[in-house]
Amino acid sequence: MKVVVDMNKCQDHGQCVFSAPDVFQLDDNGRLAYVSDPDDALRDEVEEAADVCPLQAIRIED
Amino acid sequence: MTTERIVVVGASMAGLRAAEQLRAAGWTGTITVIGDEPHMPYNRPPLSKEVLAGKAPFESLAFTPRASTADVEWRLGTSVTAARLAERVVVLDDGTELAFDGLVVATGMRPRRLRCDGPCGPDSGRHTVRTLADAQGLRDELTRPGVRVVVVGAGFIGCEVAATAVGLGVTEVTVVDPEPLPMLRPLGELLARALHKRHEERGVRFALGTGVFGFEGEDRVTGVVLSDGTVLAADVVVESVGSVANTEWLDGNGLDLSDGVLTDEQLRVGDLPYVVAVGDVARFPNARYDGVPRRVEHWSIPGDTAKHAARSLVAHLTGADAEAGPFAPLPTFWSDQHEFRLQSFGAPALGIGDVRVLDGDPDGDVLVGYHADGRLVGVVALGGHAATTGAARYRAQLLKQPALTS
């Protein structure tokens, strides 16, 4: 699974971190860091993370 | 042979999430989504912020529907005028009747309008902010040089629009509200006072403790007359005075429509297991709190309600009798105003009588806790990143707590 975050849209709300903590993290400066090729077993979590992103900045490309 | 059909009435975020979650719950029959706006579902929060400010294009708001919804039938620019739930039929605005096996109510809210004397209509200078068309019209007017803006209502949308207008360089922005402070009811006095100060420091003016009596002007508004007789000169008025549930189409079915659509703890409507409601039109009991049914106009609610309601509806229609636990979402909201953010987890409104500073200082980054019976029921951060991160740390604690009902 390939994950793309539009960093121009992202405003570091961190909602994705609650849904998929293995894929998304906020660094010490509060900026988003993420795994761009997570294991397919995490698909449900990543879909949830994409849903709850207030800016709808997360895209899943298969 | 006929295919089984679920009709979703409302094609905004809640309608889209419902369609996606019906598929995720295993529904393989037809899904028809009907919406009165001409657009595919789009994300509304930026309408009062980034998009109004011109920092993001209108096209950027469109949701990307999940692949599982590729065969969903969208009937856009179409409204549903009536429903006969016992017969499982909805009536469209062209008179067509559409039969359904299951129904999802997702018609949302529309802005409440001020009913007082003065110019009204599309070119009167009076605006609301709910739809793409609303925001487009408002942006066109806010970007005219020298424009004077009066925002009626100091809630989420009013405060955001005022901040955006100042950011656009509008020099005269006045927010009017009958309450003594902005966002007093959702936040309580401590944060409302801090918010008020920040807005004033950034050039927003306030006329508080007063309502609107009427509007001056012939075809276009030229001034806003306050209840105390003061007149504020205005070229543009933004009315952000709450919302009205779009439930008229459900009249005549014996439902409780006194404030949105009353649901049970599975989001079912009127004891009909084949009708559910989602989004901000649903007045549901939250098992996490006191069980009192409430409508919740937070952005997170369409997603939360859709997931639960879709499971309950599909389980009923497919004969799977797996009764889920009661709906018990952890509410969350945010609001971006000027360069600071409000971030909430839990239900601050239920703990407004016992507000304590958990971290920081109201003049800077601050984290505030709201308590009921001495127990933390919600947190709100105001400020920059440090504050909102602090709020997130309390989220797990709020999630773990047992229900408030004794």
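Start on helix α5 of chain B and select its buried residues: they pack against α3 (156-167), α4, β12, β24 (340-346), β26 (366-372) and β27 (375-383) of chain B. This is a predicted model, so keep the confidence colouring at hand.

**Stop 1: helix α5 of chain B**

Show the side chains of the buried set. In α5(B) these are B:Leu191, B:Ala194, B:Leu195, B:His196, B:Arg198 and B:His199. Next, put a distance label on the two end C-alpha atoms of the helix. At 1.5 Å a residue, the 13 residues of α5(B) should span 18 Å, and the end C-alpha atoms are 18 Å apart, so the two values agree. Then step past the helix to B:Gly203. B:Gly203 follows α5(B) and has a positive phi, near 100°.

**Stop 2: the domains of chain B**

Colour chain B by domain. Domain 1 covers 5-110 + 244-317, domain 2 covers 126-241, and domain 3 covers 339-400. Note that domain 1 is written as two segments. Now hide domain 1 and keep the other two. The C-alpha centres of domain 2 and domain 3 of chain B lie 26 Å apart. Their contact takes eight residues from domain 2 of chain B and 10 residues from domain 3 of chain B.

Which elements give two or more residues to the domain 2 side of this contact? They are α4 (184-187) and α5 (189-201) of chain B. The helix from the first stop, α5(B), gives the largest share of that side, five residues. Colour the domain 2 side by residue class: six residues are nonpolar, one is polar and one is charged.

**Stop 3: the sheet in chain B**

Bring up the strands β9, β16, β10, β11 and β12 of chain B. These five strands form an open sheet in the order β9-β16-β10-β11-β12, with parallel pairing. Look at the two edges. They are β9 (126-127) and β12 (205-208) of chain B, each pairing on one side only. One of these edge strands, β12, is also among the elements that the buried residues of α5(B) pack against.

Move inward to β10 and β16. Strand β10 (residues 148-152) and strand β16 (residues 236-239) of chain B pair in the parallel sense over four bridges. Pick B:Val151 and look across: its bridge partner in β16(B) is B:Val238.

**Stop 4: B:Arg66**

Go to the loop between β2 (30-35) and β3 (73-76) of chain B, where B:Arg66 lies. Is B:Arg66 buried or exposed? It falls in between: 19 other C-beta atoms lie within 10 Å, so B:Arg66 is partly exposed. The cut-off for buried is 20 or more. Select B:Leu16 as well. B:Arg66 and B:Leu16 are 50 residues apart in sequence, and their C-alpha atoms are 9.2 Å apart in space.

**Stop 5: chain B as a whole**

Zoom out to the full chain. Chain B has seven helices and 27 strands. Along the principal axes, its C-alpha atoms fill a box of roughly 65 × 55 × 35 Å. A compact globule of 406 residues would have a radius of gyration near 22 Å, and chain B agrees, with 22 Å. Buried residues make up 46% of the 406 residues. Among contacts in chain B between residues at least 6 apart in sequence, 64% join residues at least 24 apart.

**Stop 6: crossing to chain A**

Display both chains and select the residues in contact. The selection holds 10 residues of chain A and 12 residues of chain B. On the chain A side, three are nonpolar, four are polar and three are charged.

**Stop 7: inside chain A**

Isolate chain A. Two helices and four strands make up its elements. From the N terminus on, they run β-α-β-β-α-β. The radius of gyration is 10 Å, close to the 11 Å that the globule rule gives for 62 residues, so chain A is as compact as a globular protein of that length. Its C-alpha trace spans about 30 × 20 × 15 Å along the principal axes. Of the 62 residues, 34% count as buried.

Finish on strand β1 (residues 2-5) of chain A. A:Val3 and A:Val5 form its covered face, while A:Lys2 and A:Val4 form the uncovered one. Add strand β4 (residues 58-61) of chain A: β1(A) and β4(A) pair in the antiparallel sense over four bridges. Last selection: A:Val4, with A:Arg59 of β4(A) standing opposite.

Notes:
Residues numbered from 1 in each chain as written. Chains lettered and ligands numbered in written order. Predicted model: local features only at pLDDT ≥ 70, side-chain atom pairs only at ≥ 80, totals over all residues. Buried ≥ 20, exposed ≤ 12 C-beta atoms within 10 Å, placed from the backbone. Pairing = 2+ DSSP bridges. Domains from an automatic or database assignment. Contact = placed C-beta atoms within 7 Å. Nonpolar A, V, L, I, M, F, W, Y, C, P; charged D, E, K, R; others polar. Rg over C-alpha atoms; globule rule 2.2 N^0.38 Å. Expected span 1.5 Å × (residues − 1).
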